[in-house]
Amino acid sequence: MRVSDVICQIVRGDLDAAVVAQEDEVIAFLDHRPVFKGHVLVAPTRHVETLLTLPSNLMVPLLTMAQRVALAISAALGAQGTFVAINNVVSQSIPHLHIHVVPRTKGDGLRGFFWPRTRYSAGEIEKYAQMISEALPEPSPPDSSQLAPHLTGRGEPDPGRDS
Ligand SMILES: [Zn+2]
């Protein structure tokens, strides 16, 4: 299976991108329609659809790159901070896991992430904590994509093996 999303195409060299860093397991490149200039996407080079199916052996390389990029954005652009985020399915424009690292500076006017807030009624917050706590899956073993097809809702073979 040959996966043809934008990130897989960039990894293969089939599509031009402003690459910031590329290693065996991770690539970092500029989002061509940035929230702010310097907005980087960090992604595994192997096709992984969402955070929910990310093998644990790729977590450290991926987050390490996001950390390095965030440090680099501050150093290179003078950003005071960064916004680091992952969309899963909803608002995920590319069906290949990517971490947004967006430069932030106080007073930059970013409003896209000001979500409406709500309040819990008395005792409700403990109920939510308990429901979520009881539903927590066991920690995944390395390369969980081979072992946990239920996480994808499908019994298909690993979509990352695309060649
Ligand atoms: Zn892909």
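**Exercise 1. Which residues point one way from β3, and which the other way?**

Solution. The structure is a predicted model, in which local features need pLDDT of at least 70 and side-chain atom pairs count only at pLDDT 80 or more, while totals for chains, interfaces and linings use all residues. Residues are numbered from 1 along each chain as its sequence is written.

Begin with the element itself: strand β3 covers residues 40–44, where strands are DSSP runs of E with at least two residues and helices are DSSP runs of H or I with at least four, numbered from the N terminus. Val40, Val42 and Pro44 point one way from β3, whereas Leu41 and Ala43 point the other way. Next, consider burial: five of the five residues of β3 are buried, a residue being buried if 20 or more other C-beta atoms lie within 10 Å of its own, exposed if 12 or fewer, and partly exposed in between, with C-beta atoms placed from the backbone.

**Exercise 2. Place β3 within its sheet by following its partners and then the order of the strands.**

Solution. Strands pair if DSSP finds at least two bridges between them. With strand β2 (residues 26–30), β3 pairs in the antiparallel sense over five bridges, and Ile27 has Ala43 as its bridge partner in β3. Strand β5 (residues 99–104) is joined to β3 by three bridges, again antiparallel, with Val42 standing opposite Ile99.

Extending this outward gives an open sheet of five strands in the order β1-β2-β3-β5-β4, with antiparallel pairing. The edge strands, each pairing on one side only, are β1 (19–22) and β4 (81–85). At the β1 edge, three bridges link β1 to β2 in the antiparallel sense, and Ala21 stands opposite Ala28 in β2.

**Exercise 3. Which strands does α2 touch as it packs on the sheet?**

Solution. Helix α2 touches β1, β2, β3, β4 and β5, contact requiring that the C-beta atoms of two residues, placed from the backbone, lie within 7 Å. From this helix, which spans residues 59–77, take Leu63: Leu63 and Val42 are 21 residues apart in sequence and 8.6 Å apart in space, C-alpha to C-alpha. Leu63 is classed as partly exposed because 14 other C-beta atoms lie within 10 Å.

**Exercise 4. How many of the 12 residues of α3 are buried?**

Solution. The count is zero, and α3 is hardly covered. This helix comprises residues 124–135, in a protein where buried residues make up 26% of the 163 residues.

Definitions and conventions:
Expected span 1.5 Å × (residues − 1). Axes fitted to C-alpha atoms, helices over the stretch in contact; angles between N-to-C directions.
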